[in-house]
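Colleague: I am new to this structure and would like to go through its empty spaces and its ligand with you, asking at each step how a statement is justified.

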Amino acid sequence: MENIIFRRTKDLENWRDDQKNDINFIPTMGNLHNGHIKLISTAKSSNQNINLISIFINPLQFENKADFANYPKSIDKDINLAFSNGADVIFIPNQIDIYPKNDKNLIYQKASKELSESLCGIHRQGHFDGVCTVVYRLLDLVKPKNLYLGEKDWQQLLIIKNLVEVNKLGINIKSIPTQRDYDGIPFSSRNNLLSKSERRHMRLFSNELYLAKETFKKEKKVNLKQLTKKIESKNIFIEYLEHLQPFNFKKATLKHNISILAGAIRCGETRLIDHVFLMKRKPIIAIDGPAGSGKSTVTKLIAKKLNLLYLDTGAMYRALSWFFKEENINYEQENHLDKILSNISIVFKSSSISGQDVFINNNCVTEEIRSQEITSIVSKISAIKEVRHYLVNEQRKIGELGGLVAEGRDIGTTVFPDAELKIFLTASINERAKRRQSEYKSKESKEIEFDKLKELIRKRDFEDSNREISPLTKANDAVELISDGYSINEVVEKIIDIYDQKIPKEIQIQ
Ligand code: AMP
């Protein structure tokens, strides 16, 4: 598509009315740097949509007149940079078009009270209302499908998400991690206003946040008072430095796995912000659901796409069932199961053929545990108290560091009740029977009667849902997905979408 620049809202609107393709929208205030460029190129590489960037310095979000007057501008350079990095259209409106006098259609927006009562919201009165007003106006003009924003402005990102949600605009919001310069400070247009010594202060500040993040990984705590004192001892003027929960900005406590350490400092006349996310362990995704809902295929793909460990708890129960059968252990009457279990080791190893092999006491049982014989005993075995106790413990050990996606029946309720994302994946009995039937056909080259399959699934559901210990139940905070009529890839995309909404990109790449 040929590069287009619009300067009048009317021209943009006329063009917009003729467009059949969806639009990716990247709003900016110009003076483009690598943060903006990453937004433009990420949007470009994500889909075939038209990439539209706006450049507009919004007076409403400046509570300080001098800051507005001094905001760096480099429009010719911006145009070249934007087009050469994937922009198709650049919208450079003037103030009078965005805020026409006496326009009854202009709606002044209020930022969410809950989200703007902390951090920058306290220190920049009216700032987020100004941001919401201009973003709402621009969204109304551009009518994009996707809106791309930087996590560098984390509070702004949440406030805009809330604006889009409250007004039911139906726009997808995608974020990118904070882009940092060679010395660790976030790219920001205002960096151009810094003297050498002011930049050094910002570098020291960003570096202290980084060190706090690294220390937190080992010690699982942050001493805010000590950190503030340390930063101030370097003659850095802190406007605020807070340790908060990342999605509601309430105080973080030790029980929160993910928190944000966010601050603003003054470097001469310039005010700059930075933050890091603190994590006790990496994120965990728990996927539960009945047999045949597509859990294992979906989970495997998610693990691959998000580069997470795949914890196949079902395979652990199956491996144990295989072992009991192989060793002729009468698991229903055995009084010494604890002792037997204490001598068992189950490990997963990645394999280029199966993706992942499961070993029990050094026997590779990946294939054998999928047989009909094992399928018919595994539910009974997984209802044994000692077995569950042993395997839940093993699973928690594997999950101590996080960074995994686990599937089973009780992952979100029992094994990892504090998982960041819980999915309850299900499908109708008919749909599951259809899937199992084609699985049998391709794997065992055998036909199996449809009604018989349905009966087996019904029985398995009943056993799983009614056993005394850890029955199959949906966790209160789980998202239920019914996979009837959806392809595996659609389910995977849906789950990754939910994950992206819950887990900052900055955390995903750590
Ligand atoms: P601005 O021009 O400062 O209003 O920023 C426009 C967009 O770029 C916003 O979504 C910002 O969050 C994003 N952005 C600015 N700086 C960075 C950065 N260093 N890393 C990632 N995104 C950024």
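Colleague: Which element gives the largest share of the lining of the largest cavity, and what makes a residue part of that lining?

Modeller: In this predicted model, the largest share comes from helix H8, with six residues; a residue belongs to the lining because one of its atoms lies within 4 Å of a grid point of the cavity. The elements that give two or more residues also include strand E2 (23-28), helix H2 (34-46) and strand E5 (146-150). Of the 50 lining residues, those closest to the centre are Met 29, Gln 61, Lys 152, Asp 153 and Gln 156.

Colleague: Why is this space called a cavity, and how many of 30 Å³ or more does a search of the whole structure find?

Modeller: The search finds one, and the space, about 920 Å³, is called a cavity because a 1.4 Å probe fits at its points but cannot get out. That test considers the protein atoms alone, and the ligand sits in this cavity.

Colleague: How do you know that the ligand sits in the largest cavity?

Modeller: The rule asks that more than half of a molecule's atoms lie within 2 Å of the grid points; the ligand is assigned to the largest cavity, so it satisfies that rule.

Colleague: What makes the pairs between the ligand and Met 29, His 36 and Gln 179 polar contacts?

Modeller: A backbone N or O atom of Met 29 lies 2.9 Å from an oxygen atom of the ligand, and a polar side-chain atom of His 36 lies 2.8 Å from an oxygen atom of the ligand. A polar backbone atom of Gln 179 is 2.8 Å from a nitrogen atom of the ligand. The limit for a pair of N or O atoms is 3.5 Å, so these pairs count as polar contacts. Taken alone, the ligand exposes 480 Å², of which the protein buries 93%.

Colleague: Which residues surround the ligand, and how do they divide by class?

Modeller: There are 17, and the closest are Met 29, His 36, Asp 153, Gln 179 and Phe 187; by class, the shell has eight nonpolar, seven polar and two charged residues. Helix H2 supplies the largest share of this shell, three residues.

Colleague: Why is the space of about 940 Å³ called a pocket?

Modeller: A pocket is an open set of points with protein on both sides within 12 Å along at least five of seven lines, so the second largest pocket, at about 940 Å³, meets that condition. Its lining has 35 residues, with Lys 161, Ile 173, Asp 497, Asp 500 and Gln 501 nearest its centre, and helix H20 gives the largest share, eight residues.

Terms used. Residues numbered from 1 in each chain as written. Predicted model: local features only at pLDDT ≥ 70, side-chain atom pairs only at ≥ 80, totals over all residues. Heavy atoms only, no water. 1 Å grid on protein atoms, 1.4 Å probe; cavity = no way out; pocket = protein on both sides within 12 Å on 5 of 7 lines; lining within 4 Å. Points joined across faces, edges and corners; volume = space filled by probe spheres on them. Helix = DSSP H or I, 4+ residues; strand = E, 2+ residues; numbered from the N terminus. Near = heavy atom within 4 Å. Polar contact = N/O pair within 3.5 Å; in protein donor to acceptor, adjacent residues only side chain to side chain. Areas by Shrake-Rupley, 256 points an atom, 1.4 Å probe, with all protein chains shown as cover. Nonpolar A, V, L, I, M, F, W, Y, C, P; charged D, E, K, R; others polar.
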